[in-house]
Amino acid sequence: MAISTQERDIIREILEMAETKTTHMLPEVMANPVTNYTSPEQLDKEINTLFRKFPLVMGHVSDLAEPGDFLTHDATGVPILITRTQDGELKAFLNVCRHRGARLEDKPCGKARTFSCPYHSWTYGLDGKLRGMPQAFGFDGVDKSKIGLKELPVWERFGLIWVMPSVPDHEVDIDAWLAPLAEQLNGLSLGTHHVFRKWELHKNMSWRLLLEGFQESYHFCHAHRDTACAGYLDNQSVHLNFNPHVRHALPQPNIVELRDKPESEWEYRKYFMTQNYIFPANFVQVQTDHVYIHTVIPTGPGTCVFQCMMLIAEAPATEKAERYFTKNYDLIRVVFEEDFVIGEGIQKGLASGANDDFLFGKFECGLQFGQAAIDAALRGEIAV
Ligand code: FES
Ligand SMILES: [Fe+2]
């Protein structure tokens with residue numbers, strides 16, 4: 001596959017760093033106040049801004065491939081119903097009846113023609129329109145066209161379903177928002193991929209601690225000593241800051257063989273794991289032959305949920321392929337768990353007073369970029 005100018009630049013930089021034994025550095029160490037992890041007011045602000053006013057990944061297009069397919073999503077605290085209409089349009093709604101607020105659809109996913117409220121059977125179409133109600137004479141004079149399900153913005157981009165969990169007061173330009181990563185992610189054709197595994201984990205740690213496990217590679221040869229360490233050059237990675245998104249490219253040790261090849265023969269993907277952070281809480285983690293999509297969402301002070309999908313180019317056609325990808329899946333579960341155990345341990349010590357600040361080193365670039373972007377978004381300086 002042809003590589004982009006951006007990828008060629010990343011490789012050049014990595015080769016130079018491997019030669020000079022340096023790594024990507026920012027000018028200063030950053031002190032991040034521990035209150036950013038412990039303060040309930042901070043968490044409220046994060047939820048009300050980051051998890052209401054920005055698009056979050058809520059599925060893969062194959063989850064909603066056909067008319068009538070639906071998904072529900074509750075992790076943000078907003079009950080969301082996503083549908084594929086008879087016309088093939090993607091829609092998202094508040095999963096809340098407009099009569100007296102009952103939860104409309106309870107199943108995590110399925111197929112439906114209409115949604116009928118369990119309380120008094122008001123019925124809505126896949127397009128959210130109110131279709132009918134028993135004994136309609138009791139609501140004479142009510143304009144039924146005004147009490148369809150409340151719509152939320154939803155998009156399909158890069159084969160993923162993105163939903164903003166609140167109704168914005170302005171037109172949202174999703175393409176401008178995702179533009180810095182569009183060339184790379186469109187090139188992956190994730191829409192035609194197969195969802196090999198999908199899982200969700202509830203963790204006793206601030207969502208920020210979980211997020212941070214994916215924003216630096218300094219910890220690889222320590223926390224993942226027996227697993228991921230050997231797979232990458234130690235703490236030598238390139239961070240491209242597209243404020244607020246970040247492309248973090250982590251090279252495999254064998255990348256140094258490209259030194260002896262003309263640039264016209266360079267390949268990118270077979271030498272890298274690429275962590276794409278899509279603000280505020282989504283990751284597209286591209287491995288050499290599969291991709292993890294994950295999102296972390298706070299569920300309370302000191303708790304969060306991690307939602308992940310493993311995508312592969314096509315469903316395994318042979319037992320050998322099935323075994324190969326299962327092995328990768330089993331390994332990533334172990335690696336992620338190594339991060340989560342540490343994160344839950346940090347959570348337990350947060351209130352101890354041992355630290356007023358956490359120190360983000362000069363090469364922990366993703367942490368510094370991430371915190372700066374969150375601070376800016378909470379000040380209203382970053383918006384979709
Ligand atoms: S609350 Fe849904 S029909 Fe009454
Ligand atoms: Fe990790």
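What follows is a chat between a visitor and a guide about a predicted model.

Visitor: Let's start with the exposure labels. Why is Q135 called exposed?

Guide: The cut-off for exposed is 12 or fewer other C-beta atoms within 10 Å. Q135 has 8 C-beta neighbours inside 10 Å, so Q135 counts as exposed. You'll find Q135 in the loop between β9 (130–132) and β10 (151–152).

Visitor: And what makes S121 partly exposed?

Guide: Buried needs 20 or more neighbours and exposed needs 12 or fewer, with partly exposed in between. S121 has 13 other C-beta atoms within 10 Å, so the label is partly exposed. S121 sits in the loop between β7 (114–116) and β8 (123–125).

Visitor: What is noted about phi in S121 and Q135?

Guide: For S121, phi is near 65 degrees, which is positive in a residue other than glycine. Q135 is likewise a non-glycine residue with a positive phi, near 50 degrees.

Visitor: On to helices. How do you know that α4 falls short of a straight helix?

Guide: Set the span against the expectation. Helix α4 (residues 174–186) has 13 residues, and a straight helix would reach 18 Å at 1.5 Å a residue. The end C-alpha atoms of α4 are only 14 Å apart. There is also a kink of about 75 degrees in α4, centred on P180.

Visitor: Which residues of α4 are buried, and what do they pack against?

Guide: The buried ones are W177, L178, P180, L181 and L185. They pack against β11 (154–157), β14, β15, β16 and β17 (282–286).

Visitor: How does the span of α8 compare with what is expected?

Guide: Helix α8 (residues 365–378) has 14 residues and reaches 20 Å from first C-alpha to last, close to the 20 Å expected at 1.5 Å a residue. Its buried residues include C365, L367, F369 and I374. After α8 comes G380, with a positive phi near 85 degrees.

Visitor: Now the sheet. Why are β13 and β14 said to stand at the edges?

Guide: Seven strands form an open sheet in the order β13-β19-β18-β17-β16-β15-β14, with antiparallel pairing. β13 (194–203) and β14 (238–242) each have a single partner strand, so one side of each is left without a neighbour in the sheet. On average, neighbouring strands of this sheet are turned by 15 degrees against each other, direction ignored. Helix α7 (residues 319–349) packs on the sheet and touches β13, β18 (291–300) and β19 (303–312). The direction of α7 makes about 20 degrees with that of β13.

Visitor: How do you know that β15 and β16 pair?

Guide: Pairing takes at least two bridges. Strand β15 (residues 245–251) is joined to strand β16 (residues 272–278) by six bridges, so they pair. The two run antiparallel. One of the details: R247 has N276 in β16 as its bridge partner.

Visitor: And what links β14 with β15?

Guide: Five bridges, in the antiparallel sense. F242 has H245 in β15 as its bridge partner. The two strands form a hairpin with two residues between them.

Visitor: What makes β15 mostly covered?

Guide: Seven of its seven residues are buried. H245, R247, A249 and P251 point one way, while V246, H248 and L250 point the other way, and all are buried. As background, side chains in a regular strand alternate between the two faces of the sheet.

Visitor: Where are the cis peptide bonds from N243 and F279?

Guide: One joins N243 and P244, with omega about 10 degrees. P244 lies in the loop between β14 and β15. The bond from F279 to P280 is cis too, with omega near 5 degrees. P280 is in the loop between β16 and β17.

Visitor: Last topic: which domains are assigned?

Guide: The domain assignment gives domain 1 (5–53 + 174–378) and domain 2 (56–163). Their C-alpha centres lie 33 Å apart. The contact takes 20 residues from domain 1 and 14 residues from domain 2. On the side of domain 1 that touches domain 2, the elements giving two or more residues are α4, β18 and β19.

How values were computed:
Residues are numbered from 1 along each chain as its sequence is written. Chains are lettered from A and ligands numbered from 1 in the order in which they are written. This is a predicted model: local features need pLDDT of at least 70, side-chain atom pairs count only at pLDDT 80 or more; totals for chains, interfaces and linings use all residues. Helices (H or I, at least four residues) and strands (E, at least two) are DSSP runs, numbered from the N terminus. The expected span of a helix is 1.5 Å times one less than its number of residues. Axes are lines fitted to C-alpha atoms, for helices over the stretch in contact, and angles run from 0 to 180 degrees between N-to-C directions. Two residues are in contact if their C-beta atoms, placed from the backbone, lie within 7 Å. The bend at a residue is the angle between axes fitted to the seven residues ending there and the seven starting there. Domain bounds come from an automatic or database domain assignment.
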